[in-house]
Amino acid sequence: MLFIVPPKVHLLDLNGPAHIFYEAKEFGMLVELHFVSVSTTIHAESSAGLSFSNLKPYVEFELSEEDYVFVPGLEYTLISDSSFIQNCDPFFKWLRRQASHGAHVCSVCTGAFLLAEAGLLSGKSCTTHWKYLSRFSQKYPAVYLRKDRLFVVDGNLYTSAGVASGIDLALYIIEKEFGTKWAIEVAKEVVVYFRRSEGDPQLSIFLQYRNHMDSQIHEAQNYLMSHLSGSSSLESVAEHVNMSIRNLTRCFKKTTGITIGDYLEKLRVERAVQLLSTGNKVEVVSKECGLSPNQLRALLKKHRGVLPGDVASLEMS
């Protein structure tokens, strides 16, 4: 696992995913972490002024399809500096070669600009931070920019929207390489209560409902999300979190600002959109969401203003 450390790097873009893989290593997963410069220097100063030393030059590494390399975000003033981009040309050539060997190339936030400058994203799908979407589109018109995604996977290229989504991407990779159990364990270790998928929007409405520290309500939310296809009655949720139904409904609304029923509806709609956008049939999606086909149609119409057949085209827009 290589982490590129460019000058003026955003600390959390780098340290967020790096810490996820550090925790994976602590759990016993076979992960090696290397921190690499974009030149032959072994030093770099972050955008916050914190300096890195003892970096390894990128030229020391030749990667294979078993390897991942993360390119974090950095100050946009540096990205728009033509002399900096020109000086990075040897690094870009190296990055293209690693990608051609099958290595997985990942970016966080404005790191997508460096992947685009390296020529890796032409004709590909990607995302970047919402603040720089228009600039990215203008600068790289040959790239298919997904404007409302936490992270996008296109072959061996992975791009994520920002700090938190870099962590989501890292957890996604852990699940892909080591299995769901270990991804959940790492997420719990770093207190990430809701691991989002590549299909979730950057400004997910579920984030505000998770922005609290009530462990029982988090457990109730976890239970609801993991029981969408089956029974998730108030009685079963209350029993799971050792609360009375009355206390659960009162605390849930007070803590999240939404009722359990409304929250469950939104979860089911979100899950249905994810499944429908990847080509699943209405009957299958309905079952996965614990609904009848008619109930599914009604919820999609209520919350998204669309019918199941419209979801795929909506998601691509």
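**Reading a predicted fold: a loop threonine, cysteines, a sheet and a helix**

Me: This model is predicted. Where does T110 lie?

Reply: T110 lies in the loop between β7 (104-108) and α5 (111-117).

Me: Is T110 buried or exposed?

Reply: Look at the relative accessible area; under 20% counts as buried. T110 has 1%, so T110 is buried.

Me: Which residues is T110 in contact with, apart from its sequence neighbours?

Reply: Set aside those within four places in sequence. The contacts of T110 are then H10, G73, L74, I79, T128 and Y132. With L74 there is also a polar pair: a polar atom of the T110 side chain lies 2.9 Å from the backbone oxygen of L74.

Me: Now the cysteines. How many disulfides are there?

Reply: Check sulfur pairs against a cut-off of 2.5 Å. The count comes to zero. Take C126: its nearest cysteine sulfur belongs to C109 and is 12 Å away.

Me: Is C126 buried or exposed, and what of C251?

Reply: Use the 20% limit again. C126 is buried, with a relative accessible area of 0%. C251 is buried too, at 15%.

Me: On to the sheet. What is the strand order?

Reply: Read across the sheet, not along the chain. The order is β5-β2-β1-β6-β7-β11-β10. These seven strands form an open sheet with mixed pairing.

Me: Which strands stand at the edges?

Reply: Look for strands with a single partner. Here they are β5 (56-57) and β10 (151-154), so one side of each has no neighbour in the sheet.

Me: How do β1 and β6 pair?

Reply: Compare their directions and find the bridges. β1 (residues 2-4) and β6 (residues 68-71) pair in the parallel sense, over two bridges. F3 has F70 of β6 as its bridge partner.

Me: Which helices pack on these strands?

Reply: Helix α4 (residues 89-100) is one; α4 lies across β1, β6 and β7, at about 150° to β1. Helix α7 (residues 163-178) also packs on the sheet, touching β6, β7, β10 and β11 (157-160). The direction of α7 makes about 145° with that of β11.

Me: Last, a helix face. Which residues of α15 are buried?

Reply: Start with the general pattern. An α-helix has 3.6 residues a turn, so residues three or four places apart point the same way. In α15 (residues 293-303), the buried residues include L296, L299 and L300. The buried residues of α15 fall within an arc of 100°, so they line one face.

Me: What does the face turned away carry?

Reply: The exposed residues N294 and K302. Just after α15, note G305, with a positive phi of about 70°.

Key:
Residues numbered from 1 in each chain as written. Predicted model: local features only at pLDDT ≥ 70, side-chain atom pairs only at ≥ 80, totals over all residues. Heavy atoms only, no water. Helix = DSSP H or I, 4+ residues; strand = E, 2+ residues; numbered from the N terminus. Buried < 20%, exposed > 50% of the residue type's maximum accessible area, 1.4 Å probe, protein only. Polar contact = N/O pair within 3.5 Å; in protein donor to acceptor, adjacent residues only side chain to side chain. Contact = heavy atoms within 4.5 Å. Pairing = 2+ DSSP bridges. Axes fitted to C-alpha atoms, helices over the stretch in contact; angles between N-to-C directions. Arc of directions from axis to C-beta.
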